[in-house]
Amino acid sequence: MTGNIHPVLKEIASFFNNSGKEIYLVGGAVRDMLMGKKIHDWDLATNALPEEVTEIMKRSGGKVIPTGIKHGTVTVFYKRKSAEITTFRTESGYSDGRRPDQVTYAADIEEDLSRRDFTMNAIALCLPGGEAVDPFNGKKDIKAKIIRCVGDAKERFSEDGLRPLRAVRFASQLGFQIEKNTLEAISGALETSAKVSQERVRTEIDKILDSSLPSDGFRLMEKTGLLKLFIAELDACRGVEQKGFHQYDVLDHSLLACDYAAANCYSREVRLAALLHDIGKPKVRGIDSAGVYTFYRHEEVSVGMSREILSRLRYPNTVIDKTSHLIKEHMFLYTEQWSDAAVRRFIARVGEDNLDDIYSLRRADIYGFSGKEPDYRSIEQLVERVNKVLTESRAFTVKDLAVNGNDLMSAGIPGGKIMGCIFKELLETVLDDPAQNKRETLLEIADRIYKRNEAVTTCCTRLV
C-alpha cells in the first residue's frame, strides 16, 4: 500500500517513528482506500500519549488543537492538511447509549481495533509503509461486500445506539449486505438507538438519501424497526393501497420516487419531498361509492406532518420550508387548456426559484406510480409554456408590481391590513393581464378598491 500513502502522512509518520512511536492510518480512510476510493479525512492511531503527540507535532512545525483530549484525541494541522490523532484506547460503559463513560489507553493497535464497530472499519495501515493490520478479517469482508460487527453484534450495538443506523447506512451507501447475526441484532438494540440525538440520526438519513438507491437503506430500517423508531409516520404508509395509476402501496411508491430523485441527482429538498410527499395519505384515505380509494387534500396533511418530522430531526428551517413548499405544490396537473393567466398563477404560487425542483418532484412522483419511465410530455409542455410566459412578464410577486407602499400611501391609502389586501388584488390583476403593471394604472385601480369599502371588507375577509 506504500504507493497509496499520501506524502504528508509519510512525513508525519516519520516524526513519530523518529521519536520511537508507532502510528497507523485507521477507520473509514483505510476502508475507502482498499475499495479504490479517494480519501479525504485522516484518522490516525498511535501509542503516543496526547501530550506526546502535541510535543512531537509542535516540534516538527505543526499546529495542535485538543479537540477530544478527554478521549485521547487531538487534531493536528501540518502543511495545509489536517488529521485526528488518537492514542490507542479501549472503552467501557455507555450509559448514554452513544459515548463511553470510561476510556483506557490500550497496549497495542490490535486492542484498539477491537473496540470498533464493523470489521471493514477495523483495519489499520502501519505508517509510513502501509502494511495492513487486520485482526478481524475486514479485508475479506470488504471484498465480499459484507457488513459484520467486530466481535458480538449485540454487545457492539448495546454500546452505541448509532451503530445499527450506521450499518443500514453503509449497506445503502456501499451496496453491501449486512451479515445475518449483525442484522438480527439491530432489532434488539432499538432501546439503545432511541437514546441517540436527532442530529446524529439526521446525518445518517442524509447519507442514505445521498446513496444511489436510498430505498435499500429505508427498507432495512423498516425491516429492523429503525424506521418505526425514527420516522414512524413513514413506517405507517406500509400496506396503504392506492389503486388507480398506482401499482404500489404508499410506502413503496414513496421509496421509488426517492430512488428516482437520487438517480437524477436532484437536490436534498427534492429527495426529502419525494420521500415524504404522500405521508399524510394514511390519515385521509377514504373510499368512494365506486369502491375507489380517495386521498382528498392529502398534500395539506403531508405538509404539516413533514414539518413535524423534519423539525424533530433538527433540519435547518430553510430545508424544512423548501421541502414543505414542494410537498404542498406537488399535485399540479397541467393540461393544454391552461390559460396564460393560469400559467402565471402557477409560477406565482410555486415561486420562480422553485420551478426546476417542482418539475423534478413531479417526475419522481410519476415514476413512483409504476417504477418505470413514464410519459413526461405534459411536464415538458408545461416547462415550455412557463418559459414562454417568463419571457413576456416578470411580475409574479407583490415586489414585482410597478407600485410600492410609499406610492399607495402618497395616494392616500393607509398602511396595514387594508394596504396588504389591496396589494394582493393588484397582483391578481397583473397575473390576469401583465399589461396592467404600470404605475398610473395600478394607482387608479388601488384607489377604486380603497373607495369601495365593501370590496375592501370582502377582500380582507378572504385574503387576510
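These legends describe close-up views of one predicted model.

Residues are numbered from 1 along each chain as its sequence is written, and side-chain values use heavy atoms, with hydrogens and water left out. Because the model is predicted, local features need pLDDT of at least 70 and side-chain atom pairs count only at pLDDT 80 or more, while totals for chains, interfaces and linings use all residues.

**View 1. Arg148 and Asp141 form a salt bridge.**
Side chains of opposite charge can pair when their charged atoms come close. A salt bridge here is a side-chain nitrogen of Lys or Arg within 4 Å of a carboxyl oxygen of Asp or Glu. The whole structure holds 37 salt bridges. In this one, N and O are 3.0 Å apart. Is each partner buried or exposed? Buried means under 20% relative accessible area, exposed means over 50%, and partly exposed lies in between (1.4 Å probe, protein chains only). Asp141 is buried, at 5%. Arg148 is partly exposed, at 30%.

**View 2. Arg271 pairs with Asp210.**
This salt bridge has an N to O distance of 3.9 Å. It links distant parts of the chain, 61 residues apart. Arg271 sits in helix H15 (residues 268-276). Asp210 sits in the loop between helix H10 (198-209) and helix H11 (214-224). Helices (H or I, at least four residues) and strands (E, at least two) are DSSP runs, numbered from the N terminus. Arg271 is buried, with a relative accessible area of 9%. Asp210 is partly exposed, at 44%.

**View 3. Asp432 and Arg345 join two helices.**
The closest N and O atoms of this salt bridge are 2.9 Å apart. Asp432 lies in helix H23 (residues 417-432) and Arg345 in helix H19 (residues 340-350), so the pair ties together parts 87 residues apart in sequence. Asp432 is partly exposed, at 45% relative accessibility. Arg345 is also partly exposed, at 24%.

**View 4. Salt bridges can share partners.**
Which residues make up this network? Arg219, Glu222, Arg238, Asp249 and Asp252 are joined into one network by salt bridges that share partners.

**View 5. Phe332 meets Phe346 edge-to-face.**
Rings of Phe, Tyr and Trp (its six-membered ring) pair if their centres lie within 6.5 Å. Planes under 30 degrees apart count as stacked, over 60 as edge-to-face and the rest as tilted. By this rule there are nine aromatic pairs. The ring centres of Phe332 and Phe346 are 5.1 Å apart and their planes lie at 65 degrees, so the pair is edge-to-face. Phe332 is in the loop between helix H18 (317-328) and H19, and Phe346 is in helix H19, so the pair ties together parts 14 residues apart in sequence. Both Phe332 and Phe346 are buried.

**View 6. Four tyrosines form a ring cluster.**
The members are Tyr260, Tyr266, Tyr367 and Tyr376. Ring pairs link them.

**View 7. Lys281 and Arg285 each lie over a ring.**
A charge sits over a ring if NZ of Lys or CZ of Arg is within 6 Å of the ring centre and within 35 degrees of the ring normal. Lys281 lies over the face of Phe295, at 4.9 Å from the ring centre. Arg285 lies over the face of Tyr293, at 4.2 Å from the ring centre.

**View 8. Helices H15 and H18 cross.**
Their axes come within 9 Å and cross at roughly 50 degrees. Axes are lines fitted to C-alpha atoms, for helices over the stretch in contact, and angles run from 0 to 180 degrees between N-to-C directions. H15 and H18 are therefore oblique to each other. Angles under 35 degrees count as roughly parallel, over 145 as roughly antiparallel, 65 to 115 as roughly perpendicular and the rest as oblique. H15 passes H18 in a right-handed crossing. A crossing is left-handed if the near helix is turned anticlockwise from the far one by less than a right angle, and right-handed if clockwise.

**View 9. Leu127 and Pro128 share a cis peptide bond.**
Omega is about 10 degrees. Pro128 is in the loop between strand E8 (124-126) and strand E9 (131-133).

**View 10. Arg80 has a positive phi.**
The angle is about 65 degrees, although Arg80 is not a glycine. Arg80 is in the loop between strand E4 (73-78) and strand E5 (81-87). Arg80 is exposed, with a relative accessible area of 88%.
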